[in-house]
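Hello,

Please find the structure below. The notes after it say what was found.

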Amino acid sequence: MFACVGSLLLFTCSSNKKNNTNALVFKYNEHKNIGSLDPAFSKDIADIWATNQLFNGLVQMNDSMQVEPAIAKSWTISEDGLTYTFSLRDDVYYHKNVLFGKDFTRTVTAEDFTYSLNRLLDPQVGSPGRWVLNKVASFKAVNPTTFQIQLKQPFPAFLGLLTMKYCSVVPKEIVTHFGSEFRSHPIGTGPFYFKRWEENVKLVFRKNNMYFETDHTGKPLPYLEAVAITFLPDKQSEFLQFAQGNIDFVSGLDASYKDEILTANGNLRENYETDVNMIRGPYLNTEYLSFFMDSELTEIQSETLRTCINYGFDRKKMMTYLRNGIGIPAYGGFIPKGLPGYNKSIGFNYQPEKAKALLETFKKETGIANPEITITTTSNYLSFCEYIQREIQKTGLMVHINVVPPSALKDAKANGKLDLFRASWVADYPDAENYLSLFYSKNFAPNGPNYSHFKNELFDTWYEQSFTETNIDYRENLYAKMDSLVMSHAPIVPLFYDEVVRFTRKDVIGLGINPTNLLELKRVKKIN
């Protein structure tokens, strides 16, 4: 059967067989090349999407951001929040593979997790995900179906960290056999298994008939027979393939096609309504401008001027004209919509007269008659910065824009060389602590993510308190208080909270959406 399915991915077996088999194959394009199919290197979204089809960990995240069982069927957490004990399923099999001239397959045991997490920590492996275990003191297999992790200190978001693909289980004998080539010979436990990879051309996964999960009726997952990934680097070409029905979905909104498919208000245009579905929802990504609080410039040091800038432009108008209404204007704090702790009313709305008054106050306080600032950005976000420039200059503040390559911006902001720069923060794990860590004084860049060098003793106290707060409601309230405190000092200018936008063909059903933009295909069906 695979010969027919595999040929169908790019070619055709026959007219009738193509129509029948097409409903079993989910096709998408990855415009960014996949670097590795080894979950220990699943850093970029392209790699994460692929490895999510092939591997499982102890736990997983559902579309509502709740941690659910995966290979671990249940778990307990000690009263002090330090010891996590996982009870494992005994019916999870690795993908069938030929090793040493014979078929390899076996069930997963707790020792596999000991090996996999040790591998994540191994400096010779060099995984970019070893930081996930920074708060882990030790871990061990208690018995074949019991795995235990001991933390150095309580960390309520720890289960969320374990849902990351870095923490997937891998078989020692396969990894040892292939070494670094495991990147292109992956063996996991996921709903699909690896079949073929022509790098930068096509990648094929097949249905894992031994997969352990079922749907609510008891029917085995996945429903699809195969997943086929192509690698067209141009997003406009990708969209053309989608419009012609050659791929099943596209993700995100690119300038090359946004006006073609969407109205200015973010609705599907009439000529696409019969063939295309649009799914959208909050994405854990905050786009913002950041001030460097240790800057020598008086303008940057002034809370009055920073507040002036926050009031000085219309975020809703910016989203309508530059993003076709996709994205949520950032009237709240740094925590994006979709996470506990988000508060839509602690930030700044558009008040041009107030912005002008604040600028005049700044001039009187400092004696600077012609204040000016420079925003550093990359070419991808130049249109946003130019919009802000035009709006802010109406208050009387001179705004310059400096465009640099992404690598230069990344290095300069980490080393305190920029007074004001555009940035974004995509959640590594679904907890607001991930965002608030950017304002903890012990996280000053370049040794941590506090690029603004914001420092506040009360914030630090609350931040440290959040680690020991096990009551979810209390911790959520603490997060909101921290975010509000940050915004009262205006070290940043929140622009918008991003949204996940997915366009699918009408014959695709079951493709959900989630704030981490994880591609989950095990429950997807295609109908004729």
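A pocket here is an open set of grid points, on a 1 Å grid over the protein atoms alone, with protein on both sides within 12 Å along at least five of seven lines, and its lining residues have an atom within 4 Å of a point. Please keep in mind that this is a predicted model.

The pocket

The second largest pocket holds about 670 Å³ of space. Its lining is made up of 28 residues. Those that lie nearest its centre are Pro156, Ala157, Asp431, Ile472 and Arg475. By residue type, the lining of this pocket has 18 nonpolar, six polar and four charged members.

Two helices, α5 (158–162) and α17 (472–489), each supply at least two residues of that lining. Of the elements involved, α17 gives the most, with four residues.

The strands

Strand β11 covers residues 202–207, and five of its six residues are buried, so the strand is largely enclosed by the rest of the structure. Buried is used here for a relative accessible area under 20%.

β11 is paired with two other strands. Strand β10 (residues 192–198) is joined to β11 by six bridges, and the two run antiparallel. In this pair, Glu198 stands opposite Lys202. β10 and β11 form a hairpin, with three residues between them. One residue in the turn, Asn200, has a positive phi of about 70 degrees.

The other pairing is with strand β12 (residues 226–230), which is antiparallel to β11 and joined to it by five bridges. Here Lys202 stands opposite Thr230. Lys202 of β11 therefore has Glu198 opposite it in β10 and Thr230 opposite it in β12, going by the bridges that define a pairing.

The cysteines

How many disulfides does a search of the whole structure find? The search finds zero. A disulfide is a covalent bond between the sulfur atoms of two cysteines. The cut-off used for such a pair of sulfur atoms is within 2.5 Å.

Why does Cys308 form no such bond? The closest cysteine sulfur to that of Cys308 is in Cys385, 16 Å away, which is too far for a bond. The reverse also holds, because the closest cysteine sulfur to that of Cys385 is the one in Cys308, at 16 Å. Both residues are enclosed: Cys308 is buried, with a relative accessible area of 0%, and Cys385 counts as buried at 1% relative accessibility.

Regards

Terms used. Residues are numbered from 1 along each chain as its sequence is written. This is a predicted model: local features need pLDDT of at least 70, side-chain atom pairs count only at pLDDT 80 or more; totals for chains, interfaces and linings use all residues. Side-chain values use heavy atoms; hydrogens and water are left out. On a 1 Å grid over the protein atoms alone, a cavity is a set of points where a 1.4 Å probe fits but cannot get out, and a pocket is an open set with protein on both sides within 12 Å along at least five of seven lines; lining residues have an atom within 4 Å of a point. Grid points are joined across faces, edges and corners, and a volume is the space filled by probe spheres set on the points. Ala, Val, Leu, Ile, Met, Phe, Trp, Tyr, Cys and Pro count as nonpolar, Asp, Glu, Lys and Arg as charged, and the others, Gly among them, as polar. Buried means under 20% relative accessible area, exposed over 50%, partly exposed in between (1.4 Å probe, protein chains only).
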